[in-house]
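Colleague: Please take one part of this model and go through it closely. Then place that part in its wider setting. Short sentences, please.

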Amino acid sequence: MSDRSTKSGTPIETRQLLHTSRPIFEQGAPGRTGASLPPCDVPAVDEKVALGALARDAAPGLPEVSEVEVTRHFTRLSRWNYAIDIGLYPLGSCTMKYNPKVNEKVARMPGFAGLHPAQAESTLEGALELMWRLERCLCELGGFQRVTLQPAAGAQGELAGVMMIRAYHADRGQRRTKVLIPDSAHGTNPASCTLNGFEVVSLKTGSDGLLHADVVREAIAANPNDVAAIMITNPSTLGLFEEHLGEIADVVHEAGGLVYMDGANFNALLGKVRPGEAGVDVMHINLHKTFTTPHGGGGPGSGVVGVGARLEPFLPTPTVEKAPGPGDKYRLEYHRPKSIGRMRSWFGNFGMFVRAYTYIREMGGPGLTQATEMAVLNANYVRARLAEVYSLAYDKPSMHEVVFTDKKLKKETGVQTLDVAKRLMDFGYHPPTIYFPLPAVTGGAGALMIEPTETETPETLDAFCDAMTAISVEAHQDPAIAHAAPLNTAMRRLDETHAARHPKLRWSRD
Ligand SMILES: Cc1ncc(COP(=O)(O)O)c(C=O)c1O
């Protein structure tokens, strides 16, 4: 922020005087309000008497602001945010694709938006039908027998899936303690297993980035009759298709284990692969990624879980059933004796079901398949355009995302992944995912994981690749610029370690 001088020649610190940088707690005045309430039409109550010990001694210190102040405050904050409605959001592994507005329109229809989950079941018929239909669509797409819509996120879907695996073995009188997980898995996978009391056996992917059946055989031999399952992300977090999944599933099944596929990246397979038919017993899908329900700091998500015949008895309750007989009648089923029980309150994030169902019906089968093809094409386009500029982590065709490392750039210029990510912000882009996936971050290399998604046009992809190329060219001419970036943003480069270790989580006057 440049300083100006007053008439007397004293410099003005413009940042301090910048009216838009004041937090809302420093705005307003005592007694100011943005709302006018009608006169109280119930008897006044002394809150100290009504609340007893729970009553506060002093007012909570909330901002007292006018409507215009609060409107400007939140509008200003929203303009500091990056969003998919502003531009390309190439955050690998997160599938930040455009959320069609028709989804929102349908989700806001009063018949859906005005529902209350505590309504009598007999008045929820339409909502139950939508849930039943969505489940049928997801079963068809994934090749599963049933799908639970309850989990509120991919990670909770994993938790539900692994709970079902545990219940399955317990039902057979077995206590298996190990789950095999390749090193290319998403970080939530080991967490879901540990939460379920399983021990994780990490499997090394090959130099081609793939998991090979021999590695699985060896791990099973080292843990006889103790492997409950394998948990495999496909496509993996390296953006690669696990070509040996079928063989691996056979190996695990022969040893009495089950196959969990992390299907959060299902957007790369939709209409092409039905995992339930490839030996997968259980898989979660992130509706907020593949099926365009909004996410990214904006929640709520939905991590639905599909299962095959082996795990069907263990599904969470309630399930939605279509009653036999004439007419389409839908009801909730709570009586499932082997169920793992509820995963959350009520029935799941219903608004997300409406959006996902709208998307599926709007796209149709051919449209969904085309979206998959475009997602893979776009990732490979970025791969081809940047292959000579950055170093490819794996010399294999990409699925929905492509991983580069900074090996070449760092060696030639000293500019590294973090600098590239920060400099991209100066070009108006959200940075890609960095220093992930872990197998790509070996020997001190930094990874840039780019997921362009299918909703971006060739012009947008070209503009992004031009910016990435310009950063590399500039780094060779003057690396100091990238080291200092970002230069054009509201905040300059922050000390991220300090921010993480000493977070300031609340505003204070001091
Ligand atoms: C491969 C994979 N698995 C699991 C998850 C966890 O999903 P969520 O963030 O909804 O909990 C993600 C998130 O993007 C993911 O990419």
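Modeller: Start with residue classes: Ala, Val, Leu, Ile, Met, Phe, Trp, Tyr, Cys and Pro count as nonpolar, Asp, Glu, Lys and Arg as charged, and the others, Gly among them, as polar. By that scheme, the shell around the ligand holds 4 nonpolar, 10 polar and 1 charged residues. The model is predicted, and local features need pLDDT of at least 70, side-chain atom pairs count only at pLDDT 80 or more, while totals for chains, interfaces and linings use all residues. Residue numbers start from 1 along each chain, as its sequence is written.

Around the ligand there are 15 residues, and A153, G154, A155, H186 and A264 come nearest. A residue is near a molecule if its C-beta atom, placed from the backbone, lies within 6 Å of it.

Now the part for a close look: strand β4, residues 178–182. Strands are DSSP runs of E with at least two residues, helices are runs of H or I with at least four, and both are numbered from the N terminus. Is β4 buried or exposed? 5 of its 5 residues are buried, so β4 is largely enclosed by the rest of the structure. Buried means that 20 or more other C-beta atoms lie within 10 Å of the residue's own, with C-beta atoms placed from the backbone; 12 or fewer means exposed, and in between is partly exposed.

Side chains in a regular strand alternate between the two faces of the sheet. In β4, K178, L180 and P182 point one way, and V179 and I181 point the other way. Its partner is β5, residues 199–203, and the two run parallel over 5 bridges. Strands pair if DSSP finds at least two bridges between them. One bridge joins K178 to E199 in β5.

Elsewhere, β12, β13, β15 and β14, in that order, form an open antiparallel sheet. Its edge strands are β12 (391–392) and β14 (433–434), each pairing on one side only. Inside this sheet, 4 bridges join β13 (402–405) to β15 (447–450). Among the bridge partners are T405 and A447.

Finally, the wider setting. The protein chain has 17 helices and 15 strands. Of its 510 residues, 41% are buried. Its C-alpha atoms fill a box of roughly 85 × 75 × 45 Å, taken along the principal axes.
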